[in-house]
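Subject: Structure handover

Hi,

Here is the structure I promised to pass on. Please open it before you read my notes.

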There are 2 protein chains.
Amino acid sequence: MSTNLITSLNARLEGMSASERAIAEVILDAPAEVVALSSQALAKRCNVSQSSIIKFCQKVGFPGFPALKIELSAETARSENAQQIHAGIFSDDSLGAVAKKLFASKIAALSETMKANPNAVLDAAVGQISAANRILILGVGGSALVAQDLSSKLAKFGKAVIAGGDSHIQLANLASFGAGDLLISISYSGTTREVQVAVEFALAHGVPVLHIGAYHQAPAPEVVLHCVADENIVRSSSIATRTAQMAITDLLFVLFVQGQGDVAARISDSHALVRQIR
Amino acid sequence: MSTNLITSLNARLEGMSASERAIAEVILDAPAEVVALSSQALAKRCNVSQSSIIKFCQKVGFPGFPALKIELSAETARSENAQQIHAGIFSDDSLGAVAKKLFASKIAALSETMKANPNAVLDAAVGQISAANRILILGVGGSALVAQDLSSKLAKFGKAVIAGGDSHIQLANLASFGAGDLLISISYSGTTREVQVAVEFALAHGVPVLHIGAYHQAPAPEVVLHCVADENIVRSSSIATRTAQMAITDLLFVLFVQGQGDVAARISDSHALVRQIR
DNA sequence: TCATGGGGGAATTATATATTCCAATTTACA
DNA sequence: TGTAAATTGGAATATATAATTCCCCCATGA
């Protein structure tokens, strides 16, 4: 089984004999270099015999050394992006390095967020949106932009969406909402006061709630979609957070659109409108 | 140079001789299988001699066949994610399939956009921002959100940023700008009337301009950063566009921050402030 | 028609990989 | 503690694979 060589080596490291461990450690330490070595060269580097290298390869499930190198090459390539995720950016990083790290951090936010939300929950969320009469989208701070983005997208599809304005106005709007409407609240931490007040109010009045982000308070919204963001590239710049939030709202939107009928028609209508204005 | 074997093979396919092409085509068709073959086996499959395989490898820049296999393995691993990019979403796609396609499309927008902007241009853009006294960020339609996002980020770092408001207000603001200031204009297509007017005005009055998106008009802004977005997942939903724009603005921001001194201090200050308000 | 040059393959050589076999060390048990 | 069994690791060997060489053939142009 070679679904993941690196992981499995790490796991088996304990039960290995001295030579085997020497080999495994070199592979784990410098997979990229090992890929370029011959079995003899690797043997020298590990201070073991060439035949030990071959035996090692076979023991971990490969027919031979070249096969292991190929798998190793594939794995290092796959994890290239993921490697620098937890690195953070240093003041002496080159421009290219910074770009790569940012890129990696965004991809991590995307993939983790995608993973964090089971299909069933997404399905429920889309159901809420489709069923809703009117939708109030609430997000403060950085989340306000995400809220606006989602609202403009849904509006294109004829949904009655309210977003923007300050929290007082929003609460006033919410007061008229009922069981056939929907509150979408967006807050990464789930601790934003305004959002909590709105969610509690909605739940108390039988308004369905879809929350995007963490939410620890009781009572809990019917549906909660999680955003995963490891904010360590530029501390607290909330780049990863925004990326994760947009991933979720875009996904929601795409799923919603897919559920509707004649997608292309409506959107190009809206484009035609914009063009006319010019 | 083997930065991208597959791409370079595709590009060179035209100028190849019959045997070479046969080899290249098998590699392009089934890279995953080629990785498992010996040079002899591949030769048989291509109906060429074994030596031709070796010569081919050397011609495309590798020391030999094993090296090519290793690179091929890495590349197929890397592109595993990117495969479904051009698929589009169909109404009978499962929820998981939709998520994957969206994910792939976002990654494509990110990576293409990162690739599209040479370091030198990014460097110039960061220089403009650092040097600017006041900054006006202009974006209309969907780009308005991106403009706001960038403006709030830069504001955290003490930059005097103006964003938001309608185009009349913005033009009025721009009137007071001079050579020490900066206009950042954001428009995916570069054809937005308001943006063009502002850019022309700025250039005419000696105000430096940084444009994010395409720009075909003359006179051209000093610095143009490109956003690459293949909008074929949900047609015209501008999800990829937004993703690309945010990638660029985030990158700009991170690079700018890196250039400044005590990063963490300032941002946590701003966080502390927000916490106090609650 | 004949020289020239480039591409391709057969045969050869070189190299790398895999196997076998044996020695050394450890382990198990009397 | 001694001895047999078992396991590990390396030297030597065998095999497979890769790389080079050399030569033929065909296309091109004089």
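The notes below cover the two DNA strands, then a strand pairing in chain B, then some loops and a helix.

One caution at the start: this is a predicted model.

**DNA strand D**

Which residues are closest to DNA strand D? They are A:Ser19, A:Lys55, B:Ser39, B:Gln58 and B:Phe65, out of 19 residues that surround the strand. Of the strand D atoms that come within 4 Å of the protein, 64% belong to sugar and phosphate.

Three polar contacts are worth a look. A:Lys55 goes to a base: an N or O atom of its side chain is 2.4 Å from a base oxygen of DNA strand D. B:Gln58 goes to the backbone of the DNA: a side-chain N or O atom sits 2.6 Å from a phosphate oxygen of strand D. A:Ser17 also meets a phosphate oxygen of this strand, with a polar side-chain atom 3.2 Å away.

Where does the surface near DNA strand D come from? Chain A gives at least two residues from each of α2 (18-29) and α5 (50-59). Chain B does likewise with α5 (50-59) and α6 (65-78). The largest share is from α5(B), with 5 residues. By class, this surface has 5 nonpolar, 12 polar and 2 charged residues.

**DNA strand C**

DNA strand C is also surrounded by 19 residues. The closest are A:Ser39, A:Gln58, B:Ser17, B:Ser52 and B:Lys55. Sugar and phosphate make up 63% of the strand C atoms that come within 4 Å of the protein.

Again, three polar contacts. B:Lys55 reaches a base: a polar atom of its side chain lies 2.4 Å from a base oxygen of DNA strand C. A:Gln58 has a side-chain N or O atom 2.6 Å from a phosphate oxygen of strand C. A:Phe65 uses its backbone, where an N or O atom lies 2.8 Å from a phosphate oxygen of strand C.

The elements that give two or more residues to the surface near strand C are α4, α5 and α6 (65-83) of chain A, together with α5 of chain B. The largest share, 5 residues, is from α5(A). The surface near strand C divides into 4 nonpolar, 13 polar and 2 charged residues.

**Strand pairing in chain B**

Strand β1 (residues 134-139) of chain B has two partners to look at. One is β2 (residues 160-163) of chain B, which runs parallel to β1(B) and is joined to it by 4 bridges. The other is β3 (residues 182-186) of chain B, also parallel, over 5 bridges.

B:Ile135 helps to place both pairings. Its bridge partner in β2(B) is B:Val161. Its bridge partner in β3(B) is B:Leu182. Further along, B:Ile137 stands opposite B:Ala163 in β2(B).

Is β1(B) mostly covered or mostly uncovered? It is mostly covered, with 5 of its 6 residues buried. β1(B) also belongs to a right-handed β-α-β unit, with helix α9 (residues 143-156) of chain B and β2(B).

**Loops with positive phi**

Most residues other than glycine have a negative phi. A:Asn47 has a positive one, near 60°. A:Asn47 is in the loop between α4 (39-46) and α5 of chain A. Why does A:Asn47 count as exposed? Because its relative accessibility is 71%, and the cut-off for exposed is over 50%.

Chain B has B:Asn47, with a positive phi near 60°. B:Asn47 lies in the loop between α4 (39-46) and α5 of chain B. B:Asn47 is exposed as well, at a relative accessible area of 69%.

**Helix α9 of chain A**

How many residues does helix α9 (residues 143-156) of chain A have? The count is 14. The helix reaches 20 Å from its first C-alpha to its last, close to the expected 20 Å. Its buried residues are A:Ser143, A:Leu145, A:Val146, A:Ala147, A:Asp149, A:Leu150, A:Ser151, A:Lys153 and A:Leu154. Just after α9(A), A:Gly158 takes a positive phi of about 80°.

Over to you.

Notes:
Residues are numbered from 1 along each chain as its sequence is written. Chains are lettered from A and ligands numbered from 1 in the order in which they are written. This is a predicted model: local features need pLDDT of at least 70, side-chain atom pairs count only at pLDDT 80 or more; totals for chains, interfaces and linings use all residues. Side-chain values use heavy atoms; hydrogens and water are left out. A residue is near a molecule or strand if one of its heavy atoms lies within 4 Å of it. A polar contact is a pair of N or O atoms within 3.5 Å; within protein, one must be able to donate a hydrogen and the other to accept it, and residues adjacent in sequence count only if both atoms are side-chain atoms. Ala, Val, Leu, Ile, Met, Phe, Trp, Tyr, Cys and Pro count as nonpolar, Asp, Glu, Lys and Arg as charged, and the others, Gly among them, as polar. Two strands pair if DSSP finds at least two bridges between them. A crossover is right-handed if, with the strands pointing away from the viewer, the path from the first strand over the helix to the second runs clockwise. Buried means under 20% relative accessible area, exposed over 50%, partly exposed in between (1.4 Å probe, protein chains only). The expected span of a helix is 1.5 Å times one less than its number of residues.
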